[in-house]
Amino acid sequence: MKTEISSAVGFVTRLLKTTGVIGEDQLKQFSESLEESLRDHYKHHWFPQMPCKGSAYRCIRINHKMDPLIGKAAGLIGLNHRQLFQLLPSELTLWVDPFEVSYRIGEDGSICVLYESSPPMSKSAKALDNRTSCKEELRIGRSSPSKNYNMMTVSS
């Protein structure tokens with residue numbers, strides 16, 4: 001969980017950093033606060049044996065409403081929601097799941113993978129090998145007209 005959360009927090013922090021508006025000390029405070037909030041928020045909703053279970057709960061979402069965990073961390077460094085909407089994409093979905101962190105900017109944007117790892121081999125590995133990624137399930141299970149989404153992997 002630590003690596004997945006660090007990947008997600010690093011991504012949001014880099015988005016804020018690229019604006020050039022927020023100082024390094026503020027970014028560090030934001031990052032530490034968001035990481036702690038996510039760890040607390042996810043601690044009873046993290047299921048490595050069933051990575052898609054709880055995915056909606058762990059989803060960080062900005063879509064005309066600011067995600068409360070991002071808003072809380074930003075508030076600690078003096079940013080309000082109006083300022084955040086100017087600094088971050090107006091539509092951002094960030095999935096933080098066991099073994100995978102991915103995001104989408106815009107409702108019809110491509111899903112990009114920030115972090116991906118293989119689950120450790122165990123008795124439950126057989127079930128994991130047959131699983132579809134949470135984002136793949138999202139695309140397959142869409143009730144709206146199907147759209148052709150592209151998957152991208154982002155490496156640093």
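Visitor: Before we start, when do two strands count as paired here?
Guide: Two strands pair if DSSP finds at least two bridges between them. Keep in mind that this is a predicted model.

Visitor: OK, so which residue does Tyr 103 stand opposite in S4?
Guide: That's Cys 112. Tyr 103 sits in S3, residues 100-105, and S3 is joined to S4, residues 111-116, by five bridges.

Visitor: And do those two run parallel or antiparallel?
Guide: S3 and S4 run antiparallel. They form a hairpin with five residues between them.

Visitor: Which residue in that turn has a positive phi?
Guide: Gly 106, with a phi of about 85°.

Visitor: Let's go to the other side of S3. How many bridges pair S2 and S3?
Guide: Six, in the antiparallel sense. Asp 97 stands opposite Glu 100 in S3. S2 and S3 make a hairpin too, with two residues between the strands, and Phe 99 takes a positive phi near 75° there.

Visitor: What about S1, how many bridges join that one to S2?
Guide: Four bridges join S1, residues 60-63, to S2, and the two run antiparallel. As an example, Arg 61 in S1 has Thr 93 as its bridge partner in S2.

Visitor: How many residues of S2 are buried?
Guide: Seven of its seven, across residues 91-97. Glu 91, Thr 93, Trp 95 and Asp 97 point one way, while Leu 92, Leu 94 and Val 96 point the other way, and all are buried.

Visitor: Switching to cysteines. How many disulfides does the count come to?
Guide: Zero, going by pairs of cysteine sulfur atoms within 2.5 Å.

Visitor: Remind me, what is a disulfide, in bond terms?
Guide: A covalent bond between the sulfur atoms of two cysteines.

Visitor: Back to Cys 112, is that one buried or exposed?
Guide: Buried, because its relative accessible area is 6% and the cut-off for buried is under 20%.

Visitor: And why does Cys 59 count as buried?
Guide: Because its relative accessibility is 19%, and buried means under 20%.

Visitor: New topic, then. How many aromatic pairs are there?
Guide: The count comes to two aromatic pairs. One of them is Tyr 42 with Trp 46, which is stacked, at 6.2 Å centre to centre and 20° between the planes.

Visitor: Are Tyr 42 and Trp 46 buried or exposed?
Guide: Both are buried.

Visitor: Last one: which ring does the charged end of Lys 53 sit over?
Guide: The ring of Phe 47, with the charged end of Lys 53 lying 4.4 Å from the ring's centre.

Key: Residues numbered from 1 in each chain as written. Predicted model: local features only at pLDDT ≥ 70, side-chain atom pairs only at ≥ 80, totals over all residues. Heavy atoms only, no water. Buried < 20%, exposed > 50% of the residue type's maximum accessible area, 1.4 Å probe, protein only. Phe/Tyr/Trp six-rings, centres within 6.5 Å; stacked < 30°, edge-to-face > 60°. Lys NZ or Arg CZ within 6 Å of the ring centre and 35° of its normal.
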